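This report looks at the fold of one chain, at one pair of its helices, at the contact between two chains, and at the setting of a single loop residue.

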Amino acid sequence: MTRNAWGDILAFAVLTLGALAMIGPFVWMISTSLKPVAEQFDMALIPQSLTFENYPALFNIMPFHLMIWNSLKIALISVVGQLLTCSMAAFIFAVVRFPGRNILFVLMLVTLMVPGQVTVIPQFIIFKTLGLYGTQAPLYAPAFLGGAFGTFLMRQYFMTIPIELAEAARIDGASLARIFFTIYLPLSKPALAAFAIFAFLFSWNDLFSALIYLPSDPEKTTLNVGLALFQTQYGGQWTLMMAASLISVAPIIIAFFLAQRHFVQGIAMSGFK
Amino acid sequence: MGSLRPLGRERWWVLAFLLPSLIGLALGTLGSIAATIGISFTDWDLLTSPTAAGLSNYAELPGDRLFMKSLVNTLAFAGLYVPLTVIISLWVAMGLNRKLPGLTLFRMAFFLPTVSSPTAVGLLWTWIYAEDRGLLNEAIKAVGGDPVSWLGPDVALYSIVIVNVWGAIGGGMIIFLAGLQAIPKDYYEVARLDGASTWQLLRFVTLPALMPSIFFQTVLTTINAFQAFDYIYILTRIGNGNSTMPTLVFSIYRSGFRFFRMGDAAAQAVVLTAMIFVLTAVYFRMQKRWGATG
């Protein structure tokens, strides 16, 4: 065999081991969530007596159905806010020439470096002063104020659309808003889909903001905070804990299998060019 | 670049479209930074009015044991996490770029931890690392070893680095894979005709062409390293807002949102941000210097 073929075999073997290390914990999570409590320390991968009892038990202990709904609601509202405000700004940056455009765009990119922790303190004080501490508004309201990542992502995509389309529409008397809604948005479905997935994941997986704004009320808070609360009360009961984890991870994994291409594209698109 | 010049009423559309982002930029980001700096010079518990504190919040930081521990932990964490994540994800991407069978499956496997909630997956890792009957210790006992306190103060740093790297490889891999696939095949053919070895191909073709991706990914991973929180919260928190391996973000969370010492938390946030800016500036300088080869 040639050197290259041996290299391929070696790479394949190492990658397989790596992939198992990536998937293994998830397989273990599923397996444990389907075991009765008595078997939780049984190291067999396939449960001896398969049971779904952990799932109803979970919902009896804590209102997980409410927390799932809360997380879903907050994530979906955030997606709408981000898609709308980021692509509006991105459209202007990509299509319209105005004084100060480049400076503004660079300023926006610099904010990518600003850690969330430095902005969260004044934001927390503002929301608290507005009487919104303990409500879900602080978790989705900021999504309606744009964001560097989404604006950059959408701008890169809009730049690939020939400007002649916009120019022609303009000669026919279309306004900027019309050009945006009837030409740019419909042509950008792949980018919008990828960005929507991102915005959804960002919100669904967020722990920090939910932890500071909705720390303890199981009826109002998100699934992630619920999991952390659950951990402090039921830590060590692994069959229940794994069932709880799976509730959070399973929808994402299923969506990921169905729309793998969009997920991957989204990340690849964000790569600076 | 865009070439439409707004005329007359269209200027209002431009403003309207930019307005949410302008408010976000002015209030959400720039205003917040200014406010955080301002708050760092006060003592404020959010119940009474803030009182001027001068530089005392900063002056007290070196004496704050949890903060100093967090600072050391964060630097140690970043020092391990950044190179490990960048190198392993680059390496996985190069492996996947060999046109092996099952590319899609591999890509999905490595990407799975990246899309999953760190909170949920963190619970699983608490079990893997549990001292008493945890998966890892059961495996060690099975081969006759002594159980290890994986999340105890001695080893927690390494355990936490492993989980975070595990969760970050997928993102880097995708960026590098896109970068690798953008390298023109001719480069390799020409280099091979000139008799270049595999090592020389890597050194003089692949790595220089990938330099922009590597740079971007290193900056991004470093910023993420300084903001690590979720796994640390789930895996290492102990009673009374403490942790066996606190990081700066954990310390900010504790001061600001557990004990409502806003001035203290703001001073720590300013230090964190300053560190990120300095490091990013250093990276950009390094890129300029090495730019000639890239």
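Helices, as the term is used here, are DSSP runs of H or I of at least four residues, numbered from the N terminus. In this predicted model, Pro218(A) lies in the loop that joins helix 11 (208–213) to helix 12 (223–234) of chain A. A residue is called buried if 20 or more other C-beta atoms lie within 10 Å of its own, and exposed if 12 or fewer do; because Pro218(A) has 17 C-beta neighbours inside 10 Å, it counts as partly exposed. Setting aside neighbours within four places in sequence, the contacts of Pro218(A) are Met62(A), Pro63(A), Met67(A), Gly226(A) and Leu229(A). For one of these partners, Leu229(A), which is eleven residues away along the chain, the C-alpha atom is separated from that of Pro218(A) by 8.5 Å.

Chain A as a whole has 14 helices and zero strands, so that its elements, read from the N terminus, are α throughout. Some overall values for chain A are set out below.

| Property of chain A | Value |
|---|---|
| Radius of gyration | 23 Å |
| Radius of gyration of a compact globule of 273 residues | near 19 Å |
| Box filled by the C-alpha atoms, along the principal axes | roughly 75 × 70 × 35 Å |
| Residues that count as buried | 42% of 273 residues |
| Contacts joining residues at least 24 apart, among those between residues at least 6 apart in sequence | 74% |

Two packed helices are described by the angle and the distance between their axes. In chain A, the axes of helix 7 (residues 148–158) and helix 10 (residues 189–204) come within 10 Å and cross at roughly 170 degrees, which means that helix 7 of chain A is roughly antiparallel to helix 10 of chain A. On the side of helix 7 of chain A, the residues that meet helix 10 are Gly150(A), Leu153(A), Met154(A) and Tyr157(A), and their counterparts in helix 10 of chain A are Ala191(A), Phe195(A) and Ala199(A). Sorted by class, this contact between helix 7 and helix 10 of chain A has six nonpolar residues, one polar residue and no charged residues.

The contact between the two chains takes 76 residues from chain B and 78 residues from chain A. Within the side of chain B that touches chain A, helix 1 (residues 10–39) of chain B gives the most, with 17 residues. By class, that side of chain B has 50 nonpolar, 19 polar and seven charged residues.

Terms used. Residues are numbered from 1 along each chain as its sequence is written. Chains are lettered from A and ligands numbered from 1 in the order in which they are written. This is a predicted model: local features need pLDDT of at least 70, side-chain atom pairs count only at pLDDT 80 or more; totals for chains, interfaces and linings use all residues. Axes are lines fitted to C-alpha atoms, for helices over the stretch in contact, and angles run from 0 to 180 degrees between N-to-C directions. Helices (H or I, at least four residues) and strands (E, at least two) are DSSP runs, numbered from the N terminus. Angles under 35 degrees count as roughly parallel, over 145 as roughly antiparallel, 65 to 115 as roughly perpendicular and the rest as oblique. Two residues are in contact if their C-beta atoms, placed from the backbone, lie within 7 Å. Ala, Val, Leu, Ile, Met, Phe, Trp, Tyr, Cys and Pro count as nonpolar, Asp, Glu, Lys and Arg as charged, and the others, Gly among them, as polar. The radius of gyration is taken over C-alpha atoms; the globule rule is 2.2 Å times the number of residues to the power 0.38.
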